[in-house]
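Hi,

Here is the structure I promised to pass on. Have a look at it first, then read my notes underneath.

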Amino acid sequence: MSTEITTADINVPGHVAVRRQIQPRRIELHVGVGLILAVVVACLVIPILDRTDPNALVALPLQPPSAEHPFGTDMVGRDVFIRVFTAGRLDIALAALGVLVPFISGTVIGTVVGASRRRLVDTVTMRLTDCVIAFPFVILVLVIVVIIGADTRIPLLPPGAASVLVAVWIVNWTTYARLARARTHVLRQEDFISAARLLGFSQARIVARHLLPSVWPTTATYAVADALVLVSLIAALPFLGAGIQPPTPEWGSIMYEGRGFLLQAWWISFTTAGVLLVLGTGVMLVVDALVSNPRRPRLP
Amino acid sequence: MLVVRTTFARALQIVIVGLFVTVGTNLLVRLVPGDPARAILGEKASPEVVRALRHELGLDQPVIQQIARSLGRLVQGDLGTSFGYRGQEVASLIGPGLGVTAGLAAVAIALSLVVGVPGGLWLALVRRTEADLIGRLGTTVLLALPSFMAALILLYFVSLKLGLAPAGGWAGSWPENARYVWLPALALTTYLGPLIARTVRQAALDAIGQPFVEAARARGVPRRRIVACHVLPNALLPVITLVGFNAGILVSGAVIVETVFAVPGLGSRLLQAMSTRDLPVMQGIALVTAVSIVLFNLLTDLLNIAVDPRIRRTH
Amino acid sequence: MTEMLLRASNIAIEIAGLELVSNVDLEVDRGHSLGIVGETGSGKSLTCRAFAGLLSPIGGRISSGSLWVGRQDATSPDTHAKAALYGRVVSLVPQNSLMALNPLMRIGTHLTETIKALDADSVVQLKARAIDLLQRVGLPDPERILRQYPHQLSGGMRQRVMIALAIAGRPELLIADEPTTALDVSVQKDILELLRRLTHEENMALILISHDLGVVAAATQSVAVMYAGMVVERGPTDTVLRQPRHPYTQALLKARPTIGHTGRLMGIPGAPASPDTWPSGCRFAPRCPHADNRCDAKVPTLETIGGGHVGACHRLHESLVLDLSKKDLLSS
């Protein structure tokens, strides 16, 4: 995939290039950002406006959506609406934390390795990342979660969060490192890097001042998509007996608990799924807009 | 020659995967502060179980010796013993599950190809912008939908409401499994299918823009033949790599979807192992799936060599 | 008695609302060969795409004038009639032979699918006909080439394959768009010789597009010089290249290196005009050393010089003749 935007859209053999200015996919970007903001703002504001305890039993169990409880009540009588948006805070925060650390470490490692002239450093890193990519992400994370143990805690985060985060940090830098390395290899050919070398700048200065500013936009684009992968992962873990422990509201555990009541109370799982899907669609639209390649020829 | 080199590279990757699992877990176990066996099993575990795990993890030995011991066992095909099912071999525990998960993944890939290839080609050929818009929007929403949510939605509507499929379970033998497999496979298709459709669409559009399509048209080759023989093969080429690249994600999805539909594959085994913190079994599942994925990637490599005459030449 | 195969009267070609080619008048008779020369962006390739029916894929159309190919009106929307035209009456040898062949398809399949599409009589002996075509374009060991993929052939061999594909439908008019541009000089000569031989043997007409005056001089009987989307001079190749009357043709010939020439080469000052800013008068005027007030005010039309030689210049009949008869152009 290329983020390049060509100006010569129609290339007529015979060398007449009809130039047409290509707009980046503005609409997709705006709608995407709008959807993400809608969910984030709802998660921030709703628990403030309605200070009901998400674990309080507010009504009869399994009540369908109503004006009082827009997403109905769950199998013990808790308000799903409050639970979903309280859970959103945790899920989004965990995904952000899970993305941020590997994004920074992976980008730096990949750039340093890519800029390094030592073959061995490059080979070892690439073999390691090859290997991590061979594993199903979920399974690798679960193994690490088990080794770290459920009792490890990070302040402010609920039980179960620490092991998941650490596991993601251990695994996920590899993808960023690969992307950063590939980008660095392209940049190394460019004149401004050669010029910096000829001027005798140190390797550290070249990496920090010249390479990283051009590398991070590439890995940042991936980070947007990765955030969605992490939200999905965190929400999927309860289905495999891991993740955030109930009764802390979390999207995955709400859907997992609701799974047993699909016929009696579809709203427990599906309102949660709907909110997650709105967020996911927003993220996908932003990713599309960032990586889209707008060349579109026609079949004669 | 190229085939040999490709096979060798993948074999090497399998060796590295084995090394990685063994060395990685042994080192990680020692990095955890406090008593690792206690950390894994939690506060409530009985002292005997903790002691058994300490021995299994080789915590009573130096780390180098323990790594060497694990590697030695691995070379002999011994994945260790489960301590959730006392004394049972990990290999015999996860063997049947591997077959089930592989079957589910294979059906999902087949379904994705059946949906994605014609879908993507259609999106490339219809020039009307509405179809393009619906296609892009549809694939975007589906790609944003995690497999387990697709599984829940399909379970509710197709199985519980319409009664078109069993709500879960497994027949245990083919082709009787078909009745049970198609709904979980469809849940996985909601991810891979749109991805294939998008790739085929883009590759088909790239092919349509190539001079050889125009040249074929200029010498009077019928449109249907141009689509079937010039555009389609070139559009299918990147799909092979795409499916290979997504094998890991597909298996990740499969283990979760299995737990929704109570399919007795690796996912269900994983769930059991999680509940008892059965590290050897989980390690075994990780290793077996990784090796399977590398082997599958070897298959896609060879397929690429077989269908693209240019690769044979340039290497 | 001659039969006219192609007649373009006053055609203009538009892409995305931009008129890229204007007022082109060209005719080709059976057995005749016409060269079209011009620099990048002069509209020569676009004109030949129009002749080969390949405007619609790039979003172009003939916006005015008439174009007759064979006995058919090529501007009419009758797709059925057009299908009988392209490949059969008029056929194109494309520019880039590597890109113009499907990389995943054997040469043999390219040939057989074309024969099936164009030549109903030969369907029973597809392979024999394919081998025959390869032999006629001078490819050795045709049996082997049928089994090969495009990337396994050299550029010259691929160009021969493209020519074999182009003549599969026994066309009456062959259009070759820069057929030798991507080739080595020695191979160029062979390909030109092949085109000349084939058109002669099959009594085909040939339109050869090139930016290389030497190529056109070697292979064509008449030539049209295009600049900025218009034909500025046209006539027998020999006359036009030896006694060019249009200042642009003259400048083009002076800019060309020849063996034994020791002085400085004369470049053409300025840059070619761009389609969105065509000058209102003569399009060459801004770069023309002889331009005066008339040239900026009015577009010159083609005027007869004599012997089929025409030119579009306000000062055509003044004494601007450049005699190049001593220059060793035609033998190169």
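Below is what I found, going from chain C as a whole down to one of its sheets and then out to the chain contacts. Bear in mind that this is a predicted model.

**Chain C overall**

Chain C contains 11 helices and 12 strands. Along the principal axes, its C-alpha atoms fill a box of roughly 65 × 50 × 40 Å. The radius of gyration of chain C is 20 Å, and a compact globule with 332 residues would come out near 20 Å, so the two agree. As for the interior, 45% of the 332 residues in chain C are buried. If you take the contacts in chain C with a separation of 6 or more, 64% of them link residues 24 or more positions apart.

**Two domains in chain C**

The chain C split is domain 1 at 4–220 and domain 2 at 242–331. Taken over C-alpha atoms, the centres of these two domains of chain C are 29 Å apart. Where they touch, domain 1 of chain C puts in 7 residues and domain 2 of chain C puts in 9 residues. On the domain 1 side, strand E2 and helix H8 (213–219) of chain C each supply at least two residues. Which element gives the most there? That would be E2(C), with 3 residues. By class, this side of domain 1 of chain C has 4 nonpolar, 1 polar and 2 charged residues.

**The sheet that holds E2**

E2(C) also turns up in an open sheet of 4 strands, whose order is E2-E1-E4-E5 in chain C, with antiparallel pairing. Strands E2 (18–29) and E5 (72–73) of chain C are at the edges and have a single partner strand each, so one side of each is left without a neighbour in the sheet.

For E2(C), the partner is E1 (residues 4–15) of chain C, and the two pair in the antiparallel sense over 8 bridges. If you want to check the register, Arg7(C) has Glu27(C) in E2(C) as its bridge partner. Elsewhere in the pair, Glu14(C) stands opposite Glu19(C) of E2(C). How many residues lie between E1(C) and E2(C) in their hairpin? There are 2 residues, and Ala16(C) in the turn has a positive phi of about 50°.

**Contacts between chains**

Chain B touches chain C as well as chain A, and I went through both contacts.

With chain C, the contact takes 19 residues from chain B and 29 residues from chain C. Three helices of chain B each supply at least two residues to that side: H9 (211–218), H10 (223–245) and H14 (309–314). The chain B residues that touch chain C divide into 9 nonpolar, 4 polar and 6 charged.

With chain A, the contact takes 52 residues from chain B and 48 residues from chain A. Helix H13 (residues 279–307) of chain B gives the most to the chain B side here, with 9 residues. By class, the side of chain B that touches chain A has 36 nonpolar, 11 polar and 5 charged residues.

Over to you!

Note on methods
Residues numbered from 1 in each chain as written. Chains lettered and ligands numbered in written order. Predicted model: local features only at pLDDT ≥ 70, side-chain atom pairs only at ≥ 80, totals over all residues. Pairing = 2+ DSSP bridges. Contact = placed C-beta atoms within 7 Å. Nonpolar A, V, L, I, M, F, W, Y, C, P; charged D, E, K, R; others polar. Rg over C-alpha atoms; globule rule 2.2 N^0.38 Å. Buried ≥ 20, exposed ≤ 12 C-beta atoms within 10 Å, placed from the backbone. Domains from an automatic or database assignment.
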